[in-house]
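Here is a friendly walk through a ligand site and a few backbone features worth a look. Please keep the structure open as you read.

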Amino acid sequence: MARMQTLAVHAGTRQPAPACHPVSPPLNQSVAYYYDNMADLDAVFAGEADGYVYSRYGNPTVAAFEQAVAALEGAQEAVAFSSGMAAVHAALLAAGVRSGARVVCATDIYGASYALLAQLFAELAVETTYVDIGNLAAVAAAVQAARPVAILCETLSNPLLKVADIPALADLAREHGALLLVDNTFATPYLYRPLEVGADLVVHSATKYLSGHGDVLAGVVVSSAELAHAMRENQKLLGANLAPQSAWLALRGLRTFWLRVRQQFSGAATIADWLSRHAAIARVNFPGLPLHPQHRLAARLFGAQGYGGMMSFELRGAGQAEVFRFMNALRLVFPATTLGDVFSLALYPAHSSHRRVPAEVRAALGITEGLVRLSVGIEAPEDLIADLVQALEASGLAQE
Ligand SMILES: Cc1ncc(COP(=O)(O)O)c(C=O)c1O
């Protein structure tokens, strides 16, 4: 009989595998796995047998989340990461971005993705050409001149809600031997599945719509099995793995993904229409509005599914002080830095998501001092409109 000191460490650890199956995938926190026979462990290490050895190499709870996202995106495989930015980084590496390689990137893109290429990768001798992704002739010219290994864009851009013509970009990439990387965070697989029209790597900040509750930071890339294998090999060295507890929360959130986004996207259409007719609002960027310059492209790509739950709008004649007054006056919408959650969120791009983008680039893009980004939650649209009304009035931007 072992001593208490030893029992405290080992008692209860050798549990037989139960003959029943849990309905909810269990949270498997174990870092390491042992086998009845060392030869079995060796076979898993050698890649000759499926299994788990160490959590940086793979984890059952993370795998459950990956399988769920791959199914939603119609992908062979998904690889999960500790954040959306880790996923963007992994996708760029999988596409072959190395010292001396070139990338063509949409100018209108999440600020950290912009800065990753413009600053960190630039220091590593990766050269990036930024283009207006909506101008296909300009993209073709940039691709011909740069001969990039990768083209990076967002299906719906952050924060200006421009629409990328993914099928045309996939053709262009294929013609020139580049891989097309699409950040599908805003569109989600509910609106669009870029792999089906020829994209090679699709990235999500799973922190947003996929998880949906503002309680988990996560990223995921979906792709062919071959590219996923390359990402897993890199992940063993880089270690930006999704933690099992985060994977469990993300998978739990994903169960209601379809219901949440359906409500969010329909609420967003109602609110964008209301904003577009309000005297205090100078401009609304929402692809569902007939006046949006790419409304027809959006309708072609997304069909009857809607136009997403994100929009940005410009408060007429406002600078930072007026925008801050408006955001301080919001009572229901959180003035907080994330998106895609069950609760509505407003953000000021010039000082948060796009703070690292040079002021002159922001100005050229249209990310003005009066621009507010809104992520519509699952609340009643009437209550959200009432909150916007009272905040516009309280901040002196609209007449009572
Ligand atoms: C479009 C888009 N891609 C990527 C990211 C990065 O995701 P994360 O914050 O999970 O690293 C964000 C974050 O806001 C985003 O909006």
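## A buried leucine in a loop

Let's start with Leu161, which counts as buried because its relative accessibility is 0%, under the 20% cut-off. Do bear in mind that this is a predicted model. Leu161 sits in the loop between β4 and α7. Its phi is positive, about 60°, even though Leu161 is not a glycine.

The loop between β4 (150-154) and α7 (166-175) also holds Pro159. Have a look at the bond just before this proline: Asn158 and Pro159 are joined by a cis peptide bond, with omega about 10°.

## Another positive phi

Thr188 is a further non-glycine residue with a positive phi, near 65°. You will find Thr188 in helix α8, which covers residues 188-191. Thr188 has a relative accessible area of 0%, so it is buried.

## Around the ligand

Which residues are closest to the ligand? They are Gly84, Met85, Asp183, Ser205 and Thr207, out of 14 residues that surround it. Sorted by class, this shell has 5 nonpolar, 6 polar and 3 charged residues.

Asn158, met above at the cis peptide bond, has a polar side-chain atom 3.0 Å from an oxygen atom of the ligand. The backbone takes part as well: a polar backbone atom of Gly84 lies 2.9 Å from a ligand oxygen, and a polar backbone atom of Met85 is 2.9 Å from an oxygen atom of the ligand. The ligand taken alone exposes 390 Å², and the protein buries 92% of that.

Conventions: Residues are numbered from 1 along each chain as its sequence is written. This is a predicted model: local features need pLDDT of at least 70, side-chain atom pairs count only at pLDDT 80 or more; totals for chains, interfaces and linings use all residues. Side-chain values use heavy atoms; hydrogens and water are left out. A residue is near a molecule or strand if one of its heavy atoms lies within 4 Å of it. A polar contact is a pair of N or O atoms within 3.5 Å; within protein, one must be able to donate a hydrogen and the other to accept it, and residues adjacent in sequence count only if both atoms are side-chain atoms. Accessible areas come from the Shrake-Rupley method with a 1.4 Å probe; for residues, only the protein chains shown count as cover. Ala, Val, Leu, Ile, Met, Phe, Trp, Tyr, Cys and Pro count as nonpolar, Asp, Glu, Lys and Arg as charged, and the others, Gly among them, as polar. Helices (H or I, at least four residues) and strands (E, at least two) are DSSP runs, numbered from the N terminus. Buried means under 20% relative accessible area, exposed over 50%, partly exposed in between (1.4 Å probe, protein chains only).
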